[in-house]
Amino acid sequence: MARVRMKVDGVTYEDEVEPRLLLAHHLRDGLGRVGTTIGCDTSNCGTCTLQLDGESVKSCSILAIQADGAEITTIQGLAGDESGASQWHPVQKAFKEHHGLQCGYCTPGMIMATVDLLKNNPSPTEDEVRHGLEGNLCRCTGYQNIVKAVLSAASEMRGEGAIPGSFQDSADKSEVSA
Ligand code: FES
Ligand code: FES
């Protein structure tokens with residue numbers, strides 16, 4: 001067993017783990033952070049994507065012991081917290097408003113990969129979005145609404161306003177219960 005310490009979504013955890021344990025399994029089974037989903041365990045589908053020290057990684061592709069000392073953000077920690085109310089990240093809002101999901105299984109990884117894509121390229125073309133997300137597979141949507149969501153989030157994050165989507169409702173779309 002090996003001792004690992006990591007900060008996940010703002011909370012520091014210290015645990016004994018098997019040296020062969022994958023980070024994805026440690027997060028889900030050891031820490032109960034089940035927002036990070038596992039689709040393949042072989043680095044192909046991208047659904048386990050998260051941010052590790054600010055970089056997008058597939059958490060089934062590294063060992064928990066390799067994340068010792070790291071700061072991790074999962075889909076569960078992406079929403080900010082202002083004035084006591086959690087605020088969806090613009091990418092989360094855009095996926096909702098453009099219905100960039102169906103079953104939702106790929107969505108945590110798709111959103112976390114998008115956050116990284118837009119950090120490195122704030123004004124992507126449609127082709128660049130498709131290329132940037134090619135490590136993340138979706139079996140449901142055909143990708144069209146995912147691409148629309150990413151372009152909308154990019155526009156909003158540049159301060160140019162979100163592209164209107166078809167799935168807005170009258171409720172405040174930016175607030176979710178804590
Ligand atoms: S579960 Fe990690 S890439 Fe598929
Ligand atoms: S929404 Fe079902 S796999 Fe992408």
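What share of the contacts in the protein with a separation of 6 or more is accounted for by residues 24 or more positions apart? The figure is 60%. Please keep in mind as you browse these views that this is a predicted model.

**View 1. The whole chain, with five helices and eight strands.** Let us start with the overall picture. Reading from the N terminus, the elements follow the order β-β-α-β-β-β-β-β-α-α-α-α-β. The C-alpha trace spans about 50 × 35 × 30 Å along its principal axes. A compact globule with 178 residues would have a radius of gyration near 16 Å, and the protein has 16 Å, so the two agree. Of the 178 residues, 39% are buried.

**View 2. Helix H1, residues 23-30, and what covers its buried residues.** Four names are worth finding here: Leu23, Ala24, His26 and Leu27 are the buried residues of H1. The cover over these residues includes strand S1 (2-8) and strand S2 (11-17). Follow the chain just past H1 and you come to Gly32, which has a positive phi of about 70°.

**View 3. Helix H2, a mostly covered helix.** Eight of the eight residues of H2 are buried. In order along the chain, they are Pro90, Val91, Gln92, Lys93, Ala94, Phe95, Lys96 and Glu97. These buried residues pack against helix H3 (107-120) and against H5. After H2 comes His99, where phi is positive, near 50°.

**View 4. Helix H2 crossing helix H5.** Here we take a closer look at one of the partners from the previous view. The axes of H2 (residues 90-97) and H5 (residues 144-157) come within 8 Å and cross at roughly 140°. Angles over 145 degrees would count as roughly antiparallel, and the pair is therefore described as oblique. The crossing of H2 past H5 is right-handed.

**View 5. The residues where H2 and H5 meet.** On the H2 side, the contact is made by Pro90, Val91, Ala94, Phe95 and Glu97. H5 contributes Ala149, Ser152, Ala153, Glu156 and Met157. What kinds of residue make up this contact? Seven are nonpolar, one is polar and two are charged. As you look at the spacing of these positions, it helps to recall that an α-helix has 3.6 residues a turn, so residues three or four places apart point the same way. On H2, Pro90, Val91, Ala94, Phe95 and Glu97 are also among the buried residues listed for that helix.

Terms used
Residues numbered from 1 in each chain as written. Chains lettered and ligands numbered in written order. Predicted model: local features only at pLDDT ≥ 70, side-chain atom pairs only at ≥ 80, totals over all residues. Axes fitted to C-alpha atoms, helices over the stretch in contact; angles between N-to-C directions. Helix = DSSP H or I, 4+ residues; strand = E, 2+ residues; numbered from the N terminus. Parallel < 35°, antiparallel > 145°, perpendicular 65-115°, else oblique. Left-handed = near helix turned anticlockwise from the far one by under 90°. Contact = placed C-beta atoms within 7 Å. Nonpolar A, V, L, I, M, F, W, Y, C, P; charged D, E, K, R; others polar. Rg over C-alpha atoms; globule rule 2.2 N^0.38 Å. Buried ≥ 20, exposed ≤ 12 C-beta atoms within 10 Å, placed from the backbone.
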